[in-house]
Each structure stands twice: as C-alpha cells, then as structure tokens.
Amino acid sequence: KQSNNKYFRFPFNKYIGVTQWHGNTAYQHPHTGIDFGAFKEPVYATADGYIKKAQWDNYFGPCLSGGNFVMI
C-alpha cells in the first residue's frame, strides 16, 4: 500500500545520536540504513507502511557491529 502522506517523524521519544549514516561509509558501501545508538528504547514508525522484516543482524565486519533492525 502506498500512502500520499508526506510526514516524517523521529523514531524515538528523545534525540538519540546517529552512529552510522546512510550511503557510503567507512564500513559499508553502501550502508542501506541509518544506525542509532539506542539501548532499550521504544521505536516508532517514521511513516505509513508495513513491517517487512524485524530481526537481529549478526554483522561482524570491520566495525564489529550488529543489532536489532526494523525494515518498513
């Protein structure tokens, strides 16, 4: 379903810093999301849509990262 609604909402109740931006980064080419340094925070959808995937990412590349993700 596609929506004509153009709003954007920050995905947290408070400001949380970005740990890796979308696009070509030092660790991934391209990095296809935006990573936030959140711990045990509720996450809210930023726009209308359906949850396509929500799971743990076991990425242990050069930046030794991984974490929960939600794909809408």
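**Aromatic contacts, a salt bridge and a pocket in a four-strand chain**

Arg 9 sits in the segment before β1. Arg 9 is partly exposed, with a relative accessible area of 35%. In this predicted model, the C-alpha atom of Arg 9 lies 6.9 Å from that of Ala 47. These two residues are 38 positions apart along the chain.

The protein chain has zero helices and four strands. Its elements run β-β-β-β from the N terminus on. The chain holds 72 residues, and 11% of them count as buried.

A search of the whole structure returned four aromatic pairs. One of them joins Phe 10 and Phe 36. Their ring centres are 5.8 Å apart, and the planes meet at 85°, an edge-to-face arrangement. Phe 10 lies in the segment before β1 (18–20), whereas Phe 36 belongs to strand β2 (residues 35–36), so the pair ties together parts of the chain 26 residues apart in sequence. Phe 10 is partly exposed, at a relative accessible area of 26%. Phe 36 is also partly exposed, with 26% relative accessibility.

Phe 36 pairs with Phe 12 as well. Here the ring centres are 5.1 Å apart and the planes stand at 75°, so this pair too is edge-to-face. The contact links distant parts of the chain, with Phe 12 in the segment before β1 and Phe 36 in strand β2. The separation in sequence is 24 residues. Phe 12 is buried, with a relative accessible area of 8%. That value falls under the 20% limit, so Phe 12 is classed as buried. The 26% of Phe 10 lies between the 20% and 50% limits, so Phe 10 is classed as partly exposed. Ring pairs link Phe 10, Phe 12, Tyr 15 and Phe 36 into a cluster.

Side chains of opposite charge can pair when their charged atoms come close. The count for this model is one salt bridge. Glu 41 and Lys 14 form it, and their closest N and O atoms are 3.1 Å apart. Glu 41 lies in the loop between β2 and β3, and Lys 14 in the segment before β1. The salt bridge thus links distant parts of the chain, 27 residues apart. Both partners are partly exposed: Glu 41 has a relative accessible area of 26%, and Lys 14 has 45% relative accessibility.

The loop between β2 and β3 also contains Lys 40 and Phe 39. Most residues other than glycine have a negative phi, and most peptide bonds are trans. Lys 40 has a phi near 55°, a positive value in a residue other than glycine. Lys 40 is exposed, at 76% relative accessibility. Phe 39 is exposed too, with a relative accessible area of 64%. Its value is over 50%, so Phe 39 is placed in the exposed class. The C-alpha atoms of Phe 39 and Ile 16 are separated by 9.7 Å. Along the chain, Phe 39 and Ile 16 are 23 residues apart.

Rolling a probe the size of a water molecule over the atoms shows where empty space is left. The largest pocket has a volume of about 1,400 Å³. Its lining comprises 41 residues. Nearest the centre of this pocket are Ile 34, Asp 35, Asn 68, Phe 69 and Val 70. Elements that give two or more residues to the lining are β1, β2, β3 (53–57) and β4. The most comes from β4, which gives five residues.

Val 70 also takes part in a nonpolar surface patch, together with Ile 51 and Ile 72. The area of this patch is about 310 Å². Ile 72 lies in the segment after β4 (67–71). Ile 72 is exposed, with a relative accessible area of 52%. That value is over 50%, so Ile 72 counts as exposed.

Notes
Residues numbered from 1 in each chain as written. Predicted model: local features only at pLDDT ≥ 70, side-chain atom pairs only at ≥ 80, totals over all residues. Heavy atoms only, no water. Patch = residues over 30% accessible without salt bridge, like charges linked within 9 Å, V, L, I, M, F, W, Y side chains within 5 Å. Areas by Shrake-Rupley, 256 points an atom, 1.4 Å probe, with all protein chains shown as cover. Salt bridge = Lys/Arg side-chain N within 4 Å of Asp/Glu carboxyl O. Buried < 20%, exposed > 50% of the residue type's maximum accessible area, 1.4 Å probe, protein only. Phe/Tyr/Trp six-rings, centres within 6.5 Å; stacked < 30°, edge-to-face > 60°. 1 Å grid on protein atoms, 1.4 Å probe; cavity = no way out; pocket = protein on both sides within 12 Å on 5 of 7 lines; lining within 4 Å. Points joined across faces, edges and corners; volume = space filled by probe spheres on them.
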